[in-house]
Structures are given as structure tokens and as C-alpha cells.
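Subject: Structure for you to look through

Dear colleague,

I am passing on the structure we spoke about, and my notes on it follow just below. Please keep the view open while you read, so that you can look up each residue as it is named.

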Amino acid sequence: MFGLKGMIDATVQATIIDHKSEKVLTIPLELKTGKSTTVMMHRAQTMLYTLLMSDRYDIEVQCGLLYYLENKEMIRVPAVRDELRGMIISRNRLASYIRNREVLPDMLKSRYTCGNCYAKETCFIYHKVGSIPRAMFLTKKVLTDYSF
Ligand code: SF4
């Protein structure tokens, strides 16, 4: 229904204990290497996996789990409706730009925001080469040439 694709690391049945209630839920579990537990992209990915699972199993998926292997830290990521809606709208806007081969919106060129953006490498390439088809070819070539 949402047109999302992805590979969930694991689907687990978890007992979620809130203040006074206890629920058994089927939810996605995403495993991450590395220490940083504040990466917004990881939370966004886990949240989007709740939508994938809703589609797949036709159930309401209220949250996902993010587990950092190095720190052994588990984070519960709630499926926040407004945030999910915002991500889907952004994805649709980007897909529309790419499908219609339009130029992308101008870069923010904010040292702070762009400097901390998870998509900065891709964004820089797209804007540097100036056209979406060329950028897509170049991005694929770079990934092919430099992946191990
Ligand atoms: S680097 Fe990130 S924040 Fe900056 S313009 Fe590109 S997508 Fe937007």
C-alpha cells in the first residue's frame, strides 16, 4: 500500500511492559553496528519498517526495536503517525522529481544541517553533476567501483 521496499533484519514477538500494562506485539528488530545511538536515520528506518510490516501482515505495528550491537543498547522506536506521514510525503516528492527528471530543489547550503545530514554524499553528487539521470548513473558507478 505504501510502496516501500526493505529488508527487515528480524521480525520478533516482544513483550512490551509500559507503566501498568503488558502487551505482546509482533514488531521489526533492526540491528546496527557502531556506537552512535543518536542517528536519526536509524530511527526513521525502523519506523518505516513498522509500515512495511503493517503492509505485510495486515496488522497494526505500534513500534520497532533498534539494537546497537557494540553498546548492547536497545531502543524502542514508536511508530509516530505524523512523522511517518512526513517521511512518505517527502519520499513521494523526491520520487516525483526523479520520475519527471526535474531539477532537484536547491540545496539548503547550511553548514550545520547539511553537515549533519545522512544523505549529504548523495545530495552533493546530485547537485554537483546537475542532472538526475547523470547523477543516478554516477552514484551507481561509484557504489559499484568502491564497494567491497
Ligand atoms: S545535504 Fe541534506 S539537508 Fe542539505 S540540502 Fe542536501 S538533503 Fe537537504
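How many bridges join β1 to strand β2, and do the two strands run parallel or antiparallel? In this predicted model, strand β2 (residues 22-32) is joined to β1 by 8 bridges, and the two run antiparallel. The link between β1 and β2 is a hairpin of 4 residues, and I17 stands opposite E22 in β2. Strand β1, which covers residues 10-17, lies largely in the open, because the number of its 8 residues that are buried is 0.

For the chain as a whole, you will find 5 helices and 4 strands, and if you follow them along the sequence they come in the pattern β-β-α-β-β-α-α-α-α. Of the 148 residues in the chain, 14% are buried. If you take the contacts between residues at least 6 apart in sequence, 48% of them join residues that are at least 24 apart.

The last part to look at is the ligand, which has M107, L108, T113, C114, C117, A119, K120 and C123 around it. The elements that give two or more residues to this shell are α3 (111-115) and α4 (120-129). When the residues of the shell are divided by character, 6 are nonpolar, 1 is polar and 1 is charged.

With best wishes

Notes: Residues numbered from 1 in each chain as written. Predicted model: local features only at pLDDT ≥ 70, side-chain atom pairs only at ≥ 80, totals over all residues. Buried ≥ 20, exposed ≤ 12 C-beta atoms within 10 Å, placed from the backbone. Contact = placed C-beta atoms within 7 Å. Near = placed C-beta within 6 Å. Nonpolar A, V, L, I, M, F, W, Y, C, P; charged D, E, K, R; others polar. Pairing = 2+ DSSP bridges.
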